[in-house]
Amino acid sequence: MENLDKIDLQILKHLQENSNINTKELASKLFLTVTPVYERIKRLERDGYIMKYVALLDKKKLNLGMTVFCNVRLKEHARNVGSNFVKDIVALPEIIECYNIAGDYDFMLKILVEDMSSYQDFVMNKLSTIENIGYTQSIFVMGEIKYSTELSF
């Protein structure tokens, strides 16, 4: 962050709130002209501060109303075993996040499915086919208390 000034940080904050904002609107909020704001955004993209622009979708309207966190313990910890597991996990669209964690488990998966029946089908026909899974623990979300994609800086 040492290369970012106050204006860069304000640009990032505004884009986190609404990535659809056009450069003219953003420049107006920052009391700047369009060209320097445009150039700053392009630099922030080029330098990797802005990775991509996305639309946040309503998962319930898309029939993905059940969120499950699944902790996974591998049978073995050889390099190729972990690599193969990651390759298999990345290929499953139901898994929207995967973290390599420390503690009793090796990985934490965030999974979106329609309902319990869909989760059972996912576990029986997809997750269970991945080699070297030794143990899993599923945690079912009853209610989402806080959800944010905005980073605080």
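Here are some notes on the fold, from the whole chain down to a few residues.

1. First, the caveat: this is a predicted model, so take each value below as computed from predicted coordinates.

2. Overall make-up. The protein chain has 5 helices and 4 strands. Going along the sequence, you meet them as α-α-α-β-α-β-β-α-β. That puts three helices ahead of the opening strand, and a strand is the last element in the pattern.

3. Overall dimensions. The radius of gyration is 20 Å, whereas a compact globule of 153 residues would come out near 15 Å. Along the principal axes, the C-alpha atoms take up a box of roughly 55 × 40 × 25 Å. Buried residues make up 27% of the 153. The accessible surface is about 11000 Å², and carbon and sulfur atoms own 52% of that.

4. Contacts along the sequence. Take the contacts in the protein chain with a separation of 6 or more: 66% of them link residues 24 or more positions apart.

5. The annotated stretch. UniProt, in an unreviewed entry, puts "domain: HTH asnC-type" at residues 4–65. In the model, residues 4–65 are 53% helix and 0% strand, and the C-alpha atoms at the two ends of this stretch sit 39 Å apart. Strand β1 covers residues 66–74.

6. The sheet. The 4 strands form an open sheet in the order β2-β3-β1-β4, paired antiparallel. The edges are β2 (95–100) and β4 (133–140), each of which has a pairing partner on one side only. From one strand to the next the twist averages 20°. Helix α4 (residues 79–90) packs on this sheet and touches β1, β2, β3 (107–113) and β4. The direction of α4 makes about 165° with that of β1.

7. Strand β1, pairing. As general background, the strands of a sheet pair through backbone hydrogen bonds. Here β1 pairs with β4 in the antiparallel sense over 7 bridges, and β1 pairs with β3, also antiparallel, over 7 bridges. If you want to check the register on the β4 side, F69 stands opposite I139 and C70 stands opposite S138. On the β3 side, T67 has L112 as its bridge partner.

8. Strand β1, burial. How enclosed is β1 by the rest of the structure? Largely, because 7 of its 9 residues are buried.

9. A lysine worth a look. K110 belongs to strand β3. Is K110 buried or exposed? With a relative accessible area of 11%, K110 falls under the 20% cut-off and so counts as buried. Leaving out residues up to four places away in sequence, K110 touches T67, V68 and F69, along with E94, I95, I96 and E97. Two of those contacts, E94 and E97, are glutamates. T67 is the residue whose bridge partner in β3 is L112, and F69 is the one opposite I139 in β4.

10. An aspartate on the helix. D88 is found in α4, the helix that packs on the sheet. D88 has a relative accessible area of 27%, which means partly exposed, since that class runs between 20% and 50%. For a distance check, D88 and E150 lie 62 residues apart in sequence, and their C-alpha atoms are 29 Å apart in space.

Methods. Residues numbered from 1 in each chain as written. Predicted model: local features only at pLDDT ≥ 70, side-chain atom pairs only at ≥ 80, totals over all residues. Heavy atoms only, no water. UniProt positions renumbered as here; feature names shortened; annotations may be inferred. Pairing = 2+ DSSP bridges. Axes fitted to C-alpha atoms, helices over the stretch in contact; angles between N-to-C directions. Contact = heavy atoms within 4.5 Å. Rg over C-alpha atoms; globule rule 2.2 N^0.38 Å. Buried < 20%, exposed > 50% of the residue type's maximum accessible area, 1.4 Å probe, protein only. Areas by Shrake-Rupley, 256 points an atom, 1.4 Å probe, with all protein chains shown as cover.
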